[in-house]
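I opened my notebook to record, entry by entry, what I looked up in this structure. I kept to a few topics and wrote down each rule where I used it.

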Amino acid sequence: MKLMKRNLKPVYYCLYKGREPLLDDDGNETGEYQVGYESPVELQCSVSPATGYAQVNMFGNLESYDKVLITDDTNCPIDENTLLFVDKEPEFGNDGKNEEYAVWFGGTETASSPTPTGSEGKFKFAGELSVYVTGGGVNEVRGMAITIAPSTPITEDEE
């Protein structure tokens with residue numbers, strides 16, 4: 001079976017390499033693991049529109065959207081452990097770059113302009129920032145999720 005070239009879209013995949021143990025500053029294993037993947041590879045395939053539903057539950061929203069990928073490559077190595085990038089270019093955080101962050105609680109508001117003061121507490125830590133798009137299904141609003149994974153203990157800032 002052959003696919004029509006006009007229906008093909010680029011999809012990128014990264015094959016699962018395995019779990020790699022994380023090491024502390026002294027080179028000892030911490031007991032935690034990081035998942036490893038190979039470099040991204042482009043695959044031309046037919047991608048269906050998103051189908052699914054969203055429902056509101058007592059403790060949050062349940063979103064279930066699926067896309068179907070069809071390829072005529074009989075040697076395609078994709079399996080259930082493969083990382084897929086559909087409708088976007090591959091991107092991988094900030095390459096493990098730690099930045100300094102601070103969270104201030106409390107502030108004032110003048111003329112609709114909030115100003116953080118830290119009157120309710122100031123906290124600082126180092127960590128890795130991740131940003132990714134959420135949503136994007138049929139007739140769905142796209143959102144953005146921002147997470148910071150701390151790499152140092154979160155401490156109260158005395159300043």
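**Charged pairs**

I looked first at K17, which forms a salt bridge with E20, the closest N and O atoms being 3.9 Å apart; a salt bridge here is a side-chain nitrogen of Lys or Arg within 4 Å of a carboxyl oxygen of Asp or Glu. I noted that this is a predicted model, in which local features need pLDDT of at least 70 and side-chain atom pairs count only at pLDDT 80 or more, while totals for chains, interfaces and linings use all residues. I also noted that residues are numbered from 1 along each chain as its sequence is written, and that side-chain values use heavy atoms, with hydrogens and water left out.

For accessibility I used this rule: buried means under 20% relative accessible area, exposed over 50%, and partly exposed in between, with a 1.4 Å probe and protein chains only. K17 is partly exposed because its relative accessible area is 49%, and E20 is partly exposed at 34%.

I then looked up the pair of D87 and K67, whose side chains meet in a salt bridge at 2.1 Å, N to O. This pair links distant parts of the chain, 20 residues apart, with D87 in the loop between β8 and β9 and K67 in the loop between β6 (60–66) and β7. Strands are DSSP runs (E, at least two residues), numbered from the N terminus. D87 counts as partly exposed because its relative accessibility is 48%, and K67 counts as partly exposed at 37%. The count by the salt-bridge rule comes to two.

**An unusual phi**

I returned to D87 and wrote down that it has a positive phi of about 65 degrees although it is not a glycine. Most residues other than glycine have a negative phi.

**Strands**

Which strands make up the open sheet, and in what order? I found four strands in the order β7-β4-β1-β8, with antiparallel pairing, where two strands pair if DSSP finds at least two bridges between them. β7 (69–70) and β8 (83–85) stand at the edges, each with a single partner strand, so one side of each is left without a neighbour in the sheet. Within the sheet, β1 (residues 8–14) and β4 (residues 41–47) pair over six bridges, and L8 stands opposite S46 in β4.

I also looked up the hairpin of β2 and β3, which has five residues between the strands, and where G27 in the turn has a positive phi of about 85 degrees.
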